[in-house]
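Colleague: Please take a close look at a single part of this model and explain how that part sits among its surroundings. A connected account, with each term given its cut-off, would suit a first-year student.

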Amino acid sequence: MEKFVSIEKVGQTFDTKKGKFVALRDIDLGIKQGEFIALIGHSGCGKSTLLNLIAGLTRPTTGVLLCDGREIAGPGPERAVVFQNHSLLPWLTCFENVYLAVERVFGAKEGKAKLKERTAAAINLVGLDHASSKYPHEISGGMKQRVGIARALSMQPKVLLMDEPFGALDALTRAKLQDELMKICEATKATTVMVTHDVDEAVLLSDRIVMMTNGPAATIGEILEVKLPRPRDRLTLAHDPAYIDCRAAVLEFLYEKQAHVEKIAA
Amino acid sequence: MSATTMSGDFGLEQPVDRAPLGGSLAPAGESITSKPVAAVVAEPAKEQKMEKIAAQPSGVAFGEKFNTFLRAVLPPTLGMLVLIGIWYVATHKGGSIPGPVQTWDAAVTLFADPFYRNGPNDQGIGWNILSSLQRVGIGFGFAALVGIPLGFILGRSAFLSAMINPIISLLRPVSPLAWLPIGLLVFKKADPAATYTIFICSIWPMIMNTAQGVQRVPQDYLNVARVLALSEWKVVTKILFPAVLPYMLTGIRLSIGTAWLVIVAAEMLTGGVGIGFWVWDEWNNLKVEHIIIAIFVIGIVGLILEQSLILLAKKLTKESS
């Protein structure tokens with residue numbers, strides 16, 4: 001299949017007070033349309049750096065990133081980001097937060113009624129109709145994250161980028177949102193890249209898991225294809241040998257192959 | 001004043017079942033400071049609520065409420081009483097400074113007719129306060145008009161900020177009164193010169209706080225703006241302005257505070273109508289009790305300005321956070 005997002009020989013070096021710091025090197029990755037990719041690795045391995053590169057929030061020091069055949073030169077609504085800490089604007093209601101995005105993407109072509117309809121649909125998709133007119137500080141962390149997802153989805157992005165979207169949530173809320181996200185991705189066929197440090201989350205959601213070596217100068221260690229049929233159900237999967245194998249493979253990578261590097265680094 | 005003392009005594013003897021006193025003593029608290037007034041006004045409404053929620057243990061709850069009310073009112077009241085007491089003791093043997101009683105009597109006659117006009121140099125205290133406030137308002141308004149946009153620009157551009165900051169650092173410590181002669185020279189009139197002095201002293205906190213607020217806008221919000229590729233206008237109205245608003249309000253509060261300090265001195269030098277001029281005029285008339293009244297009036301007006309801006313800031317930031 002054709003590569004929709006293509007990352008070619010990408011490296012990222014930061015200038016710090018102590019000199020140059022090589023965060024990423026030699027990243028090569030192709031992502032197919034509609035694919036769900038999880039980036040996993042120990043903290044500090046440059047998962048988020050790679051995501052920011054795809055988002056266009058930072059530019060690579062070497063190499064090139066392409067999306068839909070064009071070079072990624074900067075951030076844009078075609079590559080929507082769900083931020084780790086939801087990043088909703090506290091002075092806007094949930095509806096207004098989503099509307100801001102909808103208006104930006106579709107405002108030029110569509111009337112107000114249609115824009116509002118789109119916003120309402122996005123909020124409905126994450127099941128927050130009742131909280132639409134509330135301010136972010138009036139709702140729970142899980143709900144805020146859902147608004148963040150609604151905002152990203154409402155733009156109908158080519159690529160959905162998620163930076164540990166459920167990291168700050170409790171296990172039950174996280175499971176619920178993972179299930180919702182699976183349904184949404186199924187329905188919208190969104191190409192998704194998600195940064196995570198949760199092995200179960202990665203196996204449950206992804207088509208491929210990109211495992212990264214420890215930083216500094218991190219790169220892709222292994223790529224694991226998760227050949228589990230969809231729709232996936234977390235309860236049935238818990239006893240599925242294929243699921244258990246995938247899980248074991250990721251754990252092995254993280255805690256055997258990459259464990260010692262961290263000790264040296266620390 | 002005796003009523004207030006009594007309230008303290010009653011409270012200490014019988015803190016329980018004395019709640020109605022809180023309401024009946026309200027006038028005693030009212031004449032002293034603004035904070036207790038708020039407490040007193042709020043009290044009856046809260047009492048009613050308590051009654052609805054729990055009829056049975058309301059006696060105890062009232063007692064507790066009354067206790068917290070006392071704790072809020074008693075120390076400031078006591079402080080004022082001590083101040084007045086020292087003042088009384090220091091002046092009761094006579095001398096050039098009038099005592100509390102004389103000052104009170106003078107204040108009663110003065111505030112009986114605050115808005116009279118007997119020519120340009122003899123006007124009621126109400127007119128004097130109003131014209132001072134008007135100068136502060138105009139000078140401050142212009143400062144906001146210039147300072148807030150300038151602060152935004154300095155906050156957004158590192159180059160301009162590096163260019164202008166040394167100038168601000170150089171001029172900021174200068175007493176605004178040092179600018180008064182230049183104002184007189186340029187405007188050829190006392191009134192705009194005083195307003196211009198207010199402008200000068202108000203503008204620095206406005207610029208600095210706005211610029212700081214712009215620099216401290218969370219990167220997350222700016223990343224949202226970048227991902228959405230919002231227009232510069234949307235970035236300013238939807239993200240920068242609301243995020244900077246609390247800082248701007250701090251700047252406004254500092255500006256108004258300084259302006260109110262400076263206007264008294266400026267008016268002493270320029271004359272005309274105004275509370276500062278009035279102080280100087282009464283000094284020339286050797287009406288010292290009026291000077292003491294003016295000190296209180298200036299203090300109370302300053303307090304009201306400050307408190308209302310704090311309230312406004314609370315209200316606005318509550319809505320936005």
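Modeller: A residue counts as buried if 20 or more other C-beta atoms, placed from the backbone, lie within 10 Å of its own, as exposed if 12 or fewer do, and as partly exposed in between. This is a predicted model, in which local features need pLDDT of at least 70 and side-chain atom pairs count only at pLDDT 80 or more, while totals for chains, interfaces and linings use all residues. Residues are numbered from 1 along each chain as its sequence is written, and chains are lettered from A and ligands numbered from 1 in the order in which they are written.

The part chosen is helix α2 of chain A, residues 94–106. Helices (H or I, at least four residues) and strands (E, at least two) are DSSP runs, numbered from the N terminus. The 13 residues of α2(A) should span 18 Å at 1.5 Å a residue (taken times one less than the number of residues), and this agrees with the end C-alpha atoms, which are 18 Å apart.

Because ten of the 13 residues of α2(A) are buried, the helix is largely enclosed by the rest of the structure. Among them are Cys94(A), Phe95(A), Tyr99(A), Leu100(A) and Glu103(A). Within chain A, the buried residues of α2(A) pack against α3 (112–125) and α4 (141–154); from chain B, α11 (219–228) and α12 (232–270) are also their packing partners.

The helix therefore has to be seen together with the meeting of the two chains, where 17 residues of chain A are in contact (C-beta atoms, placed from the backbone, within 7 Å) with 14 residues of chain B. On the chain A side, β6 (79–82) and α2 each supply at least two residues. The most comes from α2(A), with three residues.

Chain B has 14 helices and zero strands. Of its 321 residues, 31% count as buried. Among contacts in chain B between residues at least 6 apart in sequence, those that join residues at least 24 apart make up 69%.

The other element named on the chain A side, β6(A), leads into an open sheet of six strands. Its order is β6-β7-β8-β3-β9-β10, with mixed pairing; strands pair if DSSP finds at least two bridges between them. As β6 and β10 (220–225) of chain A stand at the edges, each has a single partner strand, so one side of each is left without a neighbour in the sheet. For β6(A), pairing with β7 (residues 159–163) of chain A is in the parallel sense over four bridges. There, Arg79(A) stands opposite Val159(A).

Chain A also holds an open sheet of four strands, in the order β2-β1-β4-β5, with antiparallel pairing. Strand β1 (residues 3–16) of chain A is joined to β2(A) by ten bridges in the antiparallel sense; Val10(A), for example, has Ile27(A) as its bridge partner.

Confidence is given by pLDDT, the predictor's score for each residue, from 0 to 100. Chain A averages 88, and 97% of its residues score at least 70. Within chain A, the mean is highest in strand β3 (residues 36–40), at 94, and lowest in helix α9 (residues 259–265), at 53. Over residues 262–266 of chain A, pLDDT stays under 50, and the model has three contacts beyond four places in sequence for this stretch.
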